[in-house]
Amino acid sequence: MPLGTKKVFLPNFTLALVRTPHLPPNYAQFIVPLNINKLDLKDYLLHVYNVEVLSVRSFIQQQKIQRAKNKDLSRPKIEWYRPRAIKKMTVELKEPFVYPLEPEDLSP
């Protein structure tokens, strides 16, 4: 294969690993976009990080209703809205994972 002809597919989403001290070492929790499903996460972790996943649990956490900030002071109107939901996925890993220590000195 000639140099530079291999296609590279980069994901257009962001996964956030959540530090969860209440879970055992063989579990990890992620905040994922709402359109990611269990098979996508399992496949992503296997192919990108070479991490084998045994099971995946997911849940969607609804946010509390909030009052919108009124920009037009001439018409006082109370508007309410619900922020976008947060989807969390907990994966059971084949190998235990230990979080790195939190940094104590946060100076630049």
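What follows is a student and a tutor talking through a predicted model of a protein.

Student: Let's start with the layout. In what order do the elements of the protein run from the N terminus on?

Tutor: Keep in mind that we're looking at a predicted model. The protein has one helix and six strands. Read from the N terminus on, the order is β-β-α-β-β-β-β.

Student: And what share of the residues in the protein is buried?

Tutor: The protein has 108 residues and exposes about 9,400 Å², with carbon and sulfur atoms supplying 57% of that area. To count as buried, a residue has to be under 20% relative accessible area. The buried share comes out at 18%.

Student: How much of the contacts with a separation of 6 or more comes from residues 24 or more positions apart?

Tutor: Val53 and Glu92 make a handy example, being 39 residues apart along the chain with C-alpha atoms separated by 5.8 Å. Val53 also touches Glu92. For the protein, pairs 24 or more positions apart account for 60% of those contacts.

Student: Which elements give two or more residues to the largest nonpolar core?

Tutor: That core has 12 residues in all, including Ala28, Ile36, Leu41, Val56 and Met89. Elements giving two or more residues to this core are β2 (27-32), α1 (38-49), β3 and β6 (86-93).

Student: Let's stay with Val53. Is Val53 buried or exposed?

Tutor: Val53 is found in strand β3, residues 53-61, and belongs to the largest nonpolar core. Leaving out residues up to four places away in sequence, Val53 touches Lys42, Leu45, Val91, Glu92 and Leu93. Its relative accessible area is 9%, and the cut-off is under 20%, so Val53 is buried.

Student: Which residues is Ala28 in contact with, leaving aside neighbours within four places in sequence?

Tutor: Ala28 is another member of the largest nonpolar core. Some of its partners, Met89, Val91 and Leu93, are in that core too. The full set is Leu17, Met89, Thr90, Val91, Leu93 and Tyr99.

Student: Now the rings. A search of the whole structure finds three aromatic pairs; what is the angle between the planes of Tyr44 and Tyr49?

Tutor: That pair is edge-to-face, at 6.0 Å centre to centre, with the planes at 75°.  Tyr44 is buried at 17% relative accessible area, whereas Tyr49 is exposed at 52%. Ring pairs link both of them with Phe13 into a cluster. The angle you asked for is 75°.

Student: What is the centre to centre distance for Phe97 and Tyr99?

Tutor: Phe97 counts as partly exposed, at 31% relative accessibility. Its pair with Tyr99 is edge-to-face, with 80° between the planes. Centre to centre, the two rings are at 5.0 Å.

Student: Which residue has a positive phi although it is not a glycine?

Tutor: Look in the loop between α1 and β3. The residue there counts as exposed, at 65% relative accessibility, and its phi is about 55°. That's Asn50.

Student: Last one, on the surface. What is the area of the nonpolar patch made by Ile65, Ile78 and Trp80?

Tutor: Take Ile78, which lies in the loop between β4 (66-67) and β5 (80-81). Ile78 has a relative accessible area of 56%, and the cut-off for exposed is over 50%, so Ile78 is exposed. Together with Ile65 and Trp80, Ile78 makes a nonpolar surface patch of about 360 Å².

Key. Residues numbered from 1 in each chain as written. Predicted model: local features only at pLDDT ≥ 70, side-chain atom pairs only at ≥ 80, totals over all residues. Heavy atoms only, no water. Helix = DSSP H or I, 4+ residues; strand = E, 2+ residues; numbered from the N terminus. Buried < 20%, exposed > 50% of the residue type's maximum accessible area, 1.4 Å probe, protein only. Contact = heavy atoms within 4.5 Å. Areas by Shrake-Rupley, 256 points an atom, 1.4 Å probe, with all protein chains shown as cover. Phe/Tyr/Trp six-rings, centres within 6.5 Å; stacked < 30°, edge-to-face > 60°. Core = buried A, V, L, I, M, F, W, Y, C linked by side-chain atoms within 4.5 Å. Patch = residues over 30% accessible without salt bridge, like charges linked within 9 Å, V, L, I, M, F, W, Y side chains within 5 Å. Salt bridge = Lys/Arg side-chain N within 4 Å of Asp/Glu carboxyl O.
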